[in-house]
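Q: Could you take a close look at one part of this model for me? I'd like to hear about a single buried spot first, and then about what lies around it.

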Amino acid sequence: MEKMLLHACCGPCSIYPSKFLRSQGRNFTLYHFNPNIHPYQEFKRRLATLRDFAEAEGLPLSVDKSYDLEGFLQRALAEPVSRCHYCYRARLDRAAEYAKEEGYSAFSTTLLGSPYQDHEEIKKAGLEAAERHNVEFAYFDWRDGFSECTAVSTARGMYRQPYCGCIFSERDRYEKKRRQHA
């Protein structure tokens, strides 16, 4: 059976994609590579929640604990209008590289389940990474499962993050609240 690597941004977002892949009989491993998450305590909290989810579900999990704050910020600032696009490219490129190195035939990402992410840019980044590393990008539109992820993670008492992950998205969240109350 072919092995798939599933890049996972967090535990809650992994719920529906994992259920979907299992329903298809796919053999997959969750993969954590998210150097975009700041501050470091948030990074650790999201990783702990993903570990708990993987353990509870009996899913294999591979973790890259890289935390290159300076590198991430430098590259994200170099593309301020499209910093999210850089973030997608960086994470999916590393997932594709790891998939190839470890003998996976394909990779995908739980980012495809969020209605808040730029779905077309994620797809584009995945396909480009697949071509660079000669491994298949398995595209799925899991946005219909987002409400299930929310409901199940809430029912399980899983940590649900209040922003995408990077320091810019955290700032934007507070700026939006400030403008709403002004």
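A: Here's a walk that starts at one threonine and moves on to the core, the empty spaces and a couple of backbone oddities. Keep in mind that this is a predicted model.

Let's begin with Thr 109, which sits in strand β4, residues 106-109. Its relative accessible area is 0%, and since buried means under 20%, Thr 109 counts as buried. What does its side chain do in there? One partner is the side chain of His 7, joined to that of Thr 109 by a polar contact of 2.8 Å. There's also a backbone partner: a polar atom of the Thr 109 side chain lies 3.1 Å from the backbone nitrogen of Leu 111. If you skip neighbours within four places in sequence, the contacts of Thr 109 are Leu 6, His 7, Leu 92, Ile 122 and Trp 142.

Strand β4 also takes you to the largest nonpolar core, as one of the elements that each supply at least two of its residues; the others are β1 (3-7), α1 (15-23), β2 (27-32), α2 (40-57), α4 and α5 (119-133). This core has 39 residues, and Met 4, Leu 5, Leu 21, Phe 28, Leu 30, Phe 53 and Phe 107 have the most contacts inside it. Helix α4 gives the largest share, 6 residues. For a feel of the packing, pick Leu 30: beyond four places in sequence, Leu 30 touches a list of residues including Leu 6, Leu 50, Phe 53, Ala 54, Leu 59 and Leu 61. A second core, separate from that one, has 6 residues, among them Ala 76, Tyr 86, Cys 87 and Cys 166.

Now for the gaps. A search of the whole structure turns up 1 cavity of 30 Å³ or more, with a volume of about 30 Å³. Trp 142, which we met as a contact of Thr 109, is in the lining of this cavity, along with Cys 13, Tyr 16, Pro 17, Thr 110, Gly 113, Gly 145, Phe 146 and Cys 149. Helices α1 and α6 each give two or more residues to that lining. By class, the cavity lining splits into 6 nonpolar, 3 polar and no charged residues.

The largest pocket holds about 800 Å³ of space. Its lining takes in 35 residues, with Ser 114, Tyr 116, Gln 117, Tyr 163 and Cys 164 nearest the centre. The elements giving two or more residues here are α3 (69-77), α4 (83-101), α6 (146-156) and α7 (167-181). Of these, α7 has the largest share, 6 residues. Charged residues do show up in the pocket lining: it has 9 of them, next to 18 nonpolar and 8 polar ones.

Last, two backbone details. Most residues other than glycine have a negative phi, and most peptide bonds are trans. The peptide bond from His 38 to Pro 39, however, is cis, with omega near 0°, and Pro 39 is in the loop between β2 and α2. Asn 134 is the other one to check, with a positive phi near 55° in a residue other than glycine. Asn 134 lies in the loop between α5 and β5 (136-137). Is Asn 134 buried or exposed? With a relative accessibility of 60%, Asn 134 counts as exposed, whereas Thr 109, where we started, is buried.

Definitions and conventions
Residues numbered from 1 in each chain as written. Predicted model: local features only at pLDDT ≥ 70, side-chain atom pairs only at ≥ 80, totals over all residues. Heavy atoms only, no water. Helix = DSSP H or I, 4+ residues; strand = E, 2+ residues; numbered from the N terminus. Buried < 20%, exposed > 50% of the residue type's maximum accessible area, 1.4 Å probe, protein only. Polar contact = N/O pair within 3.5 Å; in protein donor to acceptor, adjacent residues only side chain to side chain. Contact = heavy atoms within 4.5 Å. 1 Å grid on protein atoms, 1.4 Å probe; cavity = no way out; pocket = protein on both sides within 12 Å on 5 of 7 lines; lining within 4 Å. Points joined across faces, edges and corners; volume = space filled by probe spheres on them. Nonpolar A, V, L, I, M, F, W, Y, C, P; charged D, E, K, R; others polar. Core = buried A, V, L, I, M, F, W, Y, C linked by side-chain atoms within 4.5 Å.
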